[in-house]
Amino acid sequence: MSSEQTFIAIKPDGVQRGLVGPIISRFENRGFKLAALKLATPSKEHLEKHYADLAGKPFFPGLITYMLSGPIVAMVWEGRDVVKTGRTILGATNPLASAPGTIRGDYAIDVGRNVCHGSDSVESAQKEISLWFAEGEVKSYKQAQAEWIYEKP
């Protein structure tokens, strides 16, 4: 089975609202494998590095302040096409444009409080995973239910 990894973070609003369990359930119910998980309180410098591609945007200072406002749940999920599918599970960045049934469509209203972050490409995922997790923190294991999720080639 070809597999990839993605980085998903539950932002401070999602943590404060008690949405960690329901969000994890969405990915587990889809059949993806959790490879790493931690509750983090990143520094301003860490967040500026993570969101470096947005540094020139007018909302950047507010984004950093918001992301510093509470703990974040950082996760690595693994599975076939998990980057693209993970973004579908999250919904559009603007929750008002997100379909019902997506995390943002079900749990968010404002773009500035959109509950989650998800990698937008395999390359971004690799960069973000290495930024949030040290070597050895992402675990590799055989998922017991894999044969019930994936067809054999």
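The side chains of Asn114 and Lys11 make a polar contact at 2.7 Å. A polar contact here is a pair of N or O atoms within 3.5 Å; within protein, one must be able to donate a hydrogen and the other to accept it, and residues adjacent in sequence count only if both atoms are side-chain atoms. This is a predicted model, in which local features need pLDDT of at least 70 and side-chain atom pairs count only at pLDDT 80 or more, while totals for chains, interfaces and linings use all residues. Residues are numbered from 1 along each chain as its sequence is written, and side-chain values use heavy atoms, with hydrogens and water left out.

**Asn114 and its surroundings**

Asn114 sits in the loop between helix H6 (103-107) and strand E4. Helices (H or I, at least four residues) and strands (E, at least two) are DSSP runs, numbered from the N terminus. With a relative accessible area of 2%, Asn114 is buried. Buried means under 20% relative accessible area, exposed over 50%, and partly exposed in between (1.4 Å probe, protein chains only). Not counting residues up to four places away in sequence, Asn114 touches Lys11, Asp13, Tyr66, Thr93, Pro95, Arg104 and Ala108. Contact means heavy atoms within 4.5 Å.

**The largest pocket**

UniProt, in an unreviewed entry, lists Lys11, Phe59, Arg87, Thr93, Arg104 and Asn114 under "binding site". Of these residues, the lining of the largest pocket includes Lys11, Phe59, Arg87, Thr93, Arg104 and Asn114. UniProt positions are given in the numbering used here, feature names are shortened, and annotations may be inferred rather than shown by experiment.

On a 1 Å grid over the protein atoms alone, a pocket is an open set of points where a 1.4 Å probe fits, with protein on both sides within 12 Å along at least five of seven lines; lining residues have an atom within 4 Å of a point. The volume of the largest pocket is about 530 Å³, a volume being the space filled by probe spheres set on the points, which are joined across faces, edges and corners. Its lining has 22 residues, and Lys11, Tyr51, Leu54, Thr93 and His117 lie nearest the centre. Helix H4 (60-67), strand E4 (116-118) and helix H7 (122-132) each supply at least two residues of this lining. By class, seven lining residues are nonpolar, eight polar and seven charged. In this scheme Ala, Val, Leu, Ile, Met, Phe, Trp, Tyr, Cys and Pro count as nonpolar, Asp, Glu, Lys and Arg as charged, and the others, Gly among them, as polar.

Phe59, one of the UniProt "binding site" residues, is found in the loop between helix H3 (44-50) and H4. Phe59 counts as partly exposed because its relative accessibility is 45%.

**His117**

His117 is listed by UniProt (unreviewed entry) as "active site". The residue belongs to strand E4 and counts as buried at 13% relative accessibility. Its side chain makes a polar contact with the side chain of His50 (3.4 Å). Beyond residues up to four places away in sequence, His117 touches Phe7, Ile8, Ala9, Lys11, His50, Tyr51, Leu90, Arg104 and Glu128.

**Positive phi values**

Most residues other than glycine have a negative phi. Asp81 has a positive phi of about 55° although it is not a glycine. Val115, also not a glycine, has a positive phi near 75°.

| Residue | Location | Phi | Relative accessible area |
|---|---|---|---|
| Asp81 | loop between strand E3 (72-79) and helix H5 (82-90) | about 55° | 37%, partly exposed |
| Val115 | loop between H6 and E4 | near 75° | 0%, buried |

**Contacts across the chain**

Val76 lies in strand E3 and is buried, with a relative accessible area of 0%. Leaving aside neighbours within four places in sequence, Val76 is in contact with Gln5, Thr6, Lys33, Leu34, Ala35, Ala36, Ile129, Phe133 and Val138. The C-alpha atoms of Val76 and Ala125 are separated by 8.8 Å, with their positions 49 residues apart along the chain counted as the separation.

Tyr107 is in helix H6 and is partly exposed, at a relative accessible area of 22%. Tyr107 and Gly14 are 93 residues apart along the chain, and their C-alpha atoms are separated by 8.6 Å. Apart from neighbours within four places in sequence, Tyr107 is in contact with Arg17, Leu19, Pro22, Arg26 and Val115.

**The annotated domain**

UniProt places "domain: Nucleoside diphosphate kinase-like" (unreviewed entry) at residues 3-140. Over residues 3-140 the chain is 41% helix and 19% strand, and the end C-alpha atoms are 12 Å apart.
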